[in-house]
Amino acid sequence: MLVTEGKALSEVEDIGMDVDFTSPTDLSEILKEGTKEAHDRAENTQFVKDFLKGKIHLELFKLGTAALYFTYSALEEEIEKNRNHPGIAPLYFPVELHRREPLERDLEYFFGPDWKNEIQSSDATTAYVERIHYVGEFEPELLVAHAYTRYMGDLSGGQVLKKVAQRALHFPSTGEGVQFYIFDNISNPTQFKQLYRARLNSLELDRRNKERVVEEANRAFEFNMQVFEELDQIGKLLPKAPEGGHLMHDGKGNPRMCPFYTAKGNVESSECPYRTVVSLLKSSSFQLVLAIVVALIAATYLML
């Protein structure tokens, strides 16, 4: 069942104030309470704490984006396969929520048109992906746990991470590099999350199956934490990035990643400013002028 945002928000209005009054037995409330500890632990992993402080290495951000691509590719593949399942159909919002295409745009921005050959799934990400595929094939009623954990987080804390990444890594204000966090088809995230929770609560699950969903959501948090830990360990092997997240640009690689291009909006230029400066410093005319300046300074000093 495909639901457009207009119909979705209309449904929120029809539900009215009921979305603000939940029962302790509602799945949304059980999930919120049942995953609180895991959620707090995920937020307090070293990788996330550093990220929130703006201490994020560009290479780690790129690896994290690749991990998200593999994760969402698996999740959305299984959601598509099971879109008519009673545990998925009410929460099937491909136009509003699905992240694979935005992630593909981010990866092309980072790695260029051959990005698929530039990335690979890490061990922690592969374990996460395998679990999603297993659930989709054998326990599709638990897919909602993975969808809830990822999409609701993306619409909430993910928006904070977007702003931090744009500021710390000097991404363009036009959204390149952070397309993953931009939900073009959701104009009111708060209302949409209300709808999503109302749909969660409409699922016909008994107490035991609600508990199973919570268990699976906690497992999803664990997988995410393992990915964070993996990135943190990789980060320890990388050169320390200066404040702001960027290493000094060396004129190599994808020109769109050059902070000079980003600042000037000069992506189409064929010459990197870094290379221009280096060429000037190496030129014989510059060396001659520099020698004259040094000689004049020395002569002035001797006359004192």
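## How α9 and α12 cross

In this predicted model, helices α9 and α12 make a right-handed crossing. Their axes come within 8 Å and cross at roughly 50 degrees. An angle of roughly 50 degrees is neither under 35 nor in the band from 65 to 115, so α9 and α12 are oblique to each other.

Who does the touching here? From α9 (residues 143-155), the contact takes in Val144, Ala145, His146, Thr149 and Arg150. From α12 (residues 207-235), the partners are Val213, Glu216, Ala217, Ala220, Phe221 and Asn224. Sort the residues of this contact by class and you get six nonpolar, three polar and two charged.

## A closer look at Asn224

Asn224 sits in helix α12. Is Asn224 buried or exposed? With a relative accessible area of 8%, Asn224 is buried, because the cut-off for buried is under 20%.

Now for its company. If you skip the neighbours within four places in sequence, Asn224 touches Tyr128, Thr149 and Arg150. Thr149 and Arg150 should look familiar, as they belong to the α9 side of the contact with α12.

## α5 against α12

Helix α12 also packs against helix α5, which covers residues 58-81. The angle between these two is about 155 degrees, and their axes are 10 Å apart. Since anything over 145 degrees counts as roughly antiparallel, α5 is roughly antiparallel to α12. The crossing of α5 and α12 is right-handed.

On the α5 side, the contact is made by Leu60, Leu63, Gly64 and Ala67. On the α12 side, look for Val227, Leu231, Ile234 and Gly235. By class, this contact has six nonpolar residues, two polar ones and no charged ones.

## Leu60, a residue in that contact

Leu60 is found in helix α5. Its relative accessible area is 7%, which means that Leu60 is buried. Which residues does Leu60 touch, not counting those up to four places away in sequence? They are Phe47, Leu231, Ile234, Gly235 and Leu238. Of these, Leu231, Ile234 and Gly235 are part of the α12 side of the helix contact.

Here's a nice pair to find in the structure: Leu60 and Gly235. They are 175 residues apart in sequence, yet their C-alpha atoms are 6.6 Å apart in space.

## α5 against α9

Helix α5 meets α9 as well. Their axes come within 11 Å and cross at roughly 130 degrees. That angle falls between 115 and 145 degrees, so α5 is oblique to α9. This crossing is left-handed.

The α5 residues in this contact are Leu68, Tyr72, Leu75, Glu76, Glu78 and Ile79. They meet Leu143, His146, Ala147, Arg150, Tyr151 and Asp154 in α9. The classes come out as seven nonpolar, one polar and four charged residues. Two names are worth remembering: His146 and Arg150 take part in this contact, and both also appear in the contact of α9 with α12.

## Two more residues to find

Glu104 is in helix α7, which runs over residues 100-111. Glu104 counts as partly exposed, because its relative accessibility is 23% and partly exposed lies between 20% and 50%. Leaving aside neighbours within four places in sequence, Glu104 is in contact with Tyr69 and Trp115. Glu104 and Trp115 are eleven residues apart in sequence, and the distance between their C-alpha atoms is 8.6 Å.

His170 lies in a loop, between α10 (157-168) and α11 (189-202). What about its phi? His170 has a positive phi of about 60 degrees, although it is not a glycine. Most residues other than glycine have a negative phi. With 39% relative accessibility, His170 counts as partly exposed.

## The whole chain

Time to zoom out. How many helices and strands are there in the chain? There are 15 helices and zero strands. The chain has 304 residues, and 45% of them count as buried.

Consider just the contacts in the chain with a separation of 6 or more: residues 24 or more positions apart account for 79% of them. As for the surface, the chain exposes about 16,800 Å², and carbon and sulfur atoms supply 55% of that area.

Note on methods
Residues are numbered from 1 along each chain as its sequence is written. This is a predicted model: local features need pLDDT of at least 70, side-chain atom pairs count only at pLDDT 80 or more; totals for chains, interfaces and linings use all residues. Side-chain values use heavy atoms; hydrogens and water are left out. Axes are lines fitted to C-alpha atoms, for helices over the stretch in contact, and angles run from 0 to 180 degrees between N-to-C directions. Helices (H or I, at least four residues) and strands (E, at least two) are DSSP runs, numbered from the N terminus. A crossing is left-handed if the near helix is turned anticlockwise from the far one by less than a right angle, and right-handed if clockwise. Contact means heavy atoms within 4.5 Å. Ala, Val, Leu, Ile, Met, Phe, Trp, Tyr, Cys and Pro count as nonpolar, Asp, Glu, Lys and Arg as charged, and the others, Gly among them, as polar. Buried means under 20% relative accessible area, exposed over 50%, partly exposed in between (1.4 Å probe, protein chains only). Accessible areas come from the Shrake-Rupley method with a 1.4 Å probe; for residues, only the protein chains shown count as cover.
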